[in-house]
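Q: Please take a close look at one strand pairing in this structure and describe it in detail. Then work outward from there to the other parts.

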Amino acid sequence: MIATPTPVQPSYDRAAWAKGYRTLSQERSYWIDEVEGEIPAGLTGTLFRNGPGKLEAGNEPVQHPFDGDGMICAITFKDGRAHFKNRYVETEGYVAEKKAEKILYRGVFGTARSGGWLKNAFDTKLKNIANTQVIYWGGKLMALWEAAEPHRLDPATLETLGLENFDGKLKKGGAFAAHPWIDPKGPDGEPCLVNFSIEAGLSFTLNLYELNLKGEIVRQQDHVLPGFAFIHDFAITPNYYIFFQNPVKFNPLPFVLGAKGAGECIDFEPEKSTRMLVIARSGQSKPQVLEAKAGFVFHHANAFERDGKIVVDSICYGKLPTVEPGSDFRSTDFATLMPGQLWRFELDLNTNQVDRKMLVSRCCEFPVVHPDYVGQEYQYAYMGAGLATEGNVPLQAIAKIDVTTGTEVLHSCGPDGFINEPIFVPSGVGDREDAGWLLTMVYDGVRDRSSIVILDAQTMTQVSRLWLTHHVPYGLHGTFTPEVFI
Ligand SMILES: [Fe+2]
């Protein structure tokens, strides 16, 4: 067991936090006028973010925010100014439910058509909600959701252009996970995008993809592996892909019979170890499997190779965080949940042994690193963090962790601010690993508005805060590109 839930004195107003989970119906486009401080002159490019923006159909709410429809925000920085734009990904399901004003599709995390299980039984069709990540690569802007094809978008207007299948290399209905990594120096010496997909079943198939700078799939391999896989993210090094196969079991019966969403039929097995799959990026050799207790992992911060070992830094939970069927996620009692904590795993490929140690016990999530250090030995990870030193609480701070020592520097946005994933943007000035800015969308529960906070990553002090005229619902992931599309 990684950690136990520890009751902590709330440092936040839960009602204020919950207001951040409200649909943003309007699609807007405007220059941001209310700016604290100055936007750095050297900050040029576009921050794309994705997340569930619509949390009901008509008057019927989704059961879990992960079932909400994907909405893209684009914040463009140019000449010391910033422009905001948001637009929904017009997926087949989004368009149909908006027209019908009711839920037509079952969601992975328990959203169901009204009428009870009889109205949902034997319908296992998934709605591609395109709500998890958005990335600009190879001249294409793509909204990602891990169980289906990407949706391609116009980067200037955010208009939905259709499904992307990479010249037919992604088969119809095939998935493309929401956690691509950009390897700064791929096998050809040029950056490449690395991603995976999972085809679930009694065993599962793991597909691996590497895309060149033109956005073409140039390397591909697949492996059929035993067991059920609930794998959301992975890690890369120059020579390996690393997957943590969480210790879970899946009972599909309540899903098939319409009583539960597929995601609600997954049970965490705390007594079991995590299977750590190490796959060589070259060739098609069989994965090396190591085992260790790791709890439940959604996200990895980074990985690198050192002295015949692979070091992996990951956010681990004592068990799979879940929303009880029929409950309201806005009423989440944080004290009953286990915190995500940053752990370091050292996988010895010669002995098959795994050493592990906790780096950060404070509740944390959404880790990122300097893009040039992906897969490389590194010093700093940045992530959302709680203000309490222990227990599960909302993310209200941005943490800079020195992973070589475990020391942490926090920038608090509390007590009113609730943060999303930070994104590191290199300033290009000097060669320090922390020379850059952290861009984070923050929801203020008192002002009921969101802002983009820009921190100096070296000092963790605020450089600028850009107030939007409205709120943006809590999002999931985003990426930055130096490209400007205005
Ligand atoms: Fe994620």
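A: I236 has Y241 of β17 as its bridge partner. The model is a predicted one, and what follows is computed from it. The pair belongs to the contact between β16 and β17 (residues 240-245), where 2 bridges join the strands in an antiparallel arrangement. These strands are part of an open sheet of 4 strands, ordered β16-β17-β20-β21 and paired antiparallel. Its edges are β16 (235-236) and β21 (288-292), each of which pairs on one side only.

The loop that leads into this sheet, between β15 (217-225) and β16, contains F228. Is F228 buried or partly exposed? F228 counts as partly exposed because it has 18 C-beta neighbours inside 10 Å, whereas 20 or more would make a residue buried. Neighbours within four places in sequence aside, the contacts of F228 are A200, F204, V248, K249 and F250. One of these, F204, is 24 residues away along the chain, and its C-alpha atom is separated from that of F228 by 6.4 Å.

A second open sheet is also made of 4 strands, in the order β8-β9-β10-β11, with antiparallel pairing. Here β8 (133-137) and β11 (160-163) are the edge strands; each has a single partner strand, so one side of each lacks a neighbour in the sheet. With direction ignored, neighbouring strands of this sheet are turned against each other by 30° on average. Inside it, β9 (residues 140-144) and β10 (residues 151-153) run antiparallel and are joined by 3 bridges. L141 has its bridge partner in β10, namely L153. In a regular strand, side chains alternate between the two faces of the sheet.

Another antiparallel pair is formed by β28 (residues 397-402) and β29 (residues 407-412), with 6 bridges between them. Within it, I398 stands opposite H411 of β29. The hairpin of β28 and β29 has 4 residues between the strands, and G406 takes a positive phi near 85° there.

I398 also leads to the nonpolar core, as a contact of Y382. Residues up to four places away in sequence not counted, Y382 touches V368, I398, A399, K400, P422, F424, L438 and A457. The largest nonpolar core has 132 residues, and those touching the most other members are I72, I242, V278, Y382, L438 and L439. Apart from that core lies another, of 5 residues, including F66, F109, F255 and A262.

The last part is a helix, α2 (residues 92-100). Which of its residues are buried? They are G93, Y94 and E97. Viewed down the axis of α2, these buried residues fall within an arc of 100°, and therefore line one face of the helix. An α-helix has 3.6 residues a turn, so residues three or four places apart point the same way. On the face of α2 turned away from the buried side are the exposed residues E92 and K99. The cover over the buried residues of α2 includes β4 (56-57), β6 (69-78) and β7 (81-88). After α2 comes E101, which has a positive phi near 55°.

Technical notes. Residues are numbered from 1 along each chain as its sequence is written. This is a predicted model: local features need pLDDT of at least 70, side-chain atom pairs count only at pLDDT 80 or more; totals for chains, interfaces and linings use all residues. Two strands pair if DSSP finds at least two bridges between them. Axes are lines fitted to C-alpha atoms, for helices over the stretch in contact, and angles run from 0 to 180 degrees between N-to-C directions. A residue is buried if 20 or more other C-beta atoms lie within 10 Å of its own, exposed if 12 or fewer, and partly exposed in between; C-beta atoms are placed from the backbone. The arc is that of the directions from the helix axis to the C-beta atoms. Two residues are in contact if their C-beta atoms, placed from the backbone, lie within 7 Å. A nonpolar core is a set of buried Ala, Val, Leu, Ile, Met, Phe, Trp, Tyr and Cys residues joined through C-beta atoms within 7 Å.
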